[in-house]
Amino acid sequence: MPLQNRVTPLGELVADPARGLVYGNRGCLHDDAGRIRLHFNGRRWIACRLEFRGWQRSTLLQPGRFTELFFLDEATAFAAGHRPCALCRREDYVRFGEIWHELHAHQIGADAIDAQLHAERIALDTRTRRLHAAALAGLPDGAFVLEDDAPWLVLGASLLRWTPAGYVERAPRPARSRAVLVTPPSLVHILRSGWQPLVPLLHPSARTA
């Protein structure tokens, strides 16, 4: 049976056999039996490489350890509100910080970045997911918007419908001016810079959807 550790662009945790191309965590979310009990545990939500220095954990969701999460690609991890790991993706993390400084000049270090992202992804009064309004025409490739309660990837003049296994449908980017933005605004700024990460930005299905 698939584990409930696959992350949607809305940050939800679902059970699906597809593994995805990006790995990460947001603390320990499971109990000793491996059942998901929390949506998040702390503000440090990171996205990692699938492989690093040959490190392996033979059993996932070990008691008391962080919950291993999997994302379809970097665009999905960004939409969920995760940023690059400072250890396994050091080059990405340094570049991320440089671009971040252009938008948030007085925020330095992981704690400041994580606090800002947490405020953009979670409504602090209700602890529910925050969505944002944005100009649809100005969104960069890799951003996610909500259409009919489903997450769609912005790619050129198109929107691509997300599924755990890949992108399965392509539609024209709507002509209307406004959109419900899923990706936190600060991470949209990172994407707008021409972000080219060490992990796949887009799943290969984005080219064929």
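**Loops, cores and cysteines of the predicted model**

Ala 165 is exposed, with a relative accessible area of 56%. In this predicted model, Ala 165 sits in the loop that joins strand S12 (158–163) to strand S13 (166–172). Leaving out residues up to four places away in sequence, Ala 165 touches Ala 18, Leu 72 and His 203. Ala 165 and Pro 151 are separated by 14 residues in sequence, and their C-alpha atoms are 14 Å apart in space.

Two residues other than glycine were examined for a positive phi. Leu 61, in the loop between strand S4 (46–48) and strand S5 (69–71), has a phi near 55 degrees. Leu 61 counts as buried, at 6% relative accessibility. Asp 149 also departs from the glycine case, with a positive phi of about 65 degrees. The position of Asp 149 is in the loop between strand S10 (144–147) and S11. Whereas Leu 61 is buried, Asp 149 is exposed, its relative accessible area being 71%.

The largest nonpolar core comprises 22 residues. Within this core, the residues with the most contacts are Phe 78, Phe 96, Leu 139, Val 145, Ile 190 and Trp 195. Two or more residues are contributed to the core by each of H2, H3, strand S11 (150–155), S14 and H4. The greatest contribution comes from H4, which gives four residues. A second, separate core has 13 residues, among them Leu 72, Trp 162, Tyr 167 and Val 182. Leu 72 of this second core is also one of the residues touched by the exposed Ala 165.

Helix H4 spans residues 185–192, and its buried residues are Ser 186, Leu 187, Val 188, Ile 190 and Leu 191. The elements that cover these buried residues include helix H1 (74–80), helix H2 (90–103), helix H3 (110–121) and strand S14 (178–181). After H4 comes Gly 194, with a positive phi near 90 degrees.

Several residues outside H4 make contact with this helix. Leu 139 is in contact with Val 188 and Arg 192, and also with Ala 134, Val 145, Val 154, Arg 173 and Leu 181, when neighbours within four places in sequence are left aside. Pro 140 lies in the loop between strand S9 (132–135) and S10 and counts as buried, with 12% relative accessibility. With neighbours within four places in sequence again set aside, the contacts of Pro 140 are Val 154, Val 188, Leu 191 and Arg 192. Val 154, Val 188 and Arg 192 therefore appear in the contact list of Leu 139 as well as in that of Pro 140, which is buried. Pro 140 and Pro 63 are 77 residues apart along the chain, with 40 Å between their C-alpha atoms.

Leu 181 is placed in strand S14 and counts as buried, at 3% relative accessibility. Beyond its neighbours within four places in sequence, Leu 181 is in contact with Leu 131, His 132, Ala 134, Leu 139, Ala 143, Phe 144 and Val 188. The C-alpha atoms of Leu 181 and His 132 are separated by 4.9 Å, although the two residues are 49 residues apart along the chain.

Under a limit of 2.5 Å between cysteine sulfur atoms, the count of disulfides is zero. For Cys 48, the closest cysteine sulfur is that of Cys 88, at 3.9 Å, which is too far for a bond. Cys 48 is buried, with a relative accessible area of 7%. The sulfur of Cys 88 has its closest cysteine sulfur in Cys 85, at 3.9 Å, and this too is too far for a bond. Cys 88 is likewise buried, with a relative accessible area of 6%.

The largest pocket has a volume of about 530 Å³. Its lining is formed by 19 residues, of which Tyr 23, Arg 49, Leu 50, Trp 55 and Gln 56 are the closest to the centre of the pocket. By residue class, the lining consists of eleven nonpolar, three polar and five charged residues.

Note on methods
Residues numbered from 1 in each chain as written. Predicted model: local features only at pLDDT ≥ 70, side-chain atom pairs only at ≥ 80, totals over all residues. Heavy atoms only, no water. 1 Å grid on protein atoms, 1.4 Å probe; cavity = no way out; pocket = protein on both sides within 12 Å on 5 of 7 lines; lining within 4 Å. Points joined across faces, edges and corners; volume = space filled by probe spheres on them. Nonpolar A, V, L, I, M, F, W, Y, C, P; charged D, E, K, R; others polar. Buried < 20%, exposed > 50% of the residue type's maximum accessible area, 1.4 Å probe, protein only. Contact = heavy atoms within 4.5 Å. Core = buried A, V, L, I, M, F, W, Y, C linked by side-chain atoms within 4.5 Å.
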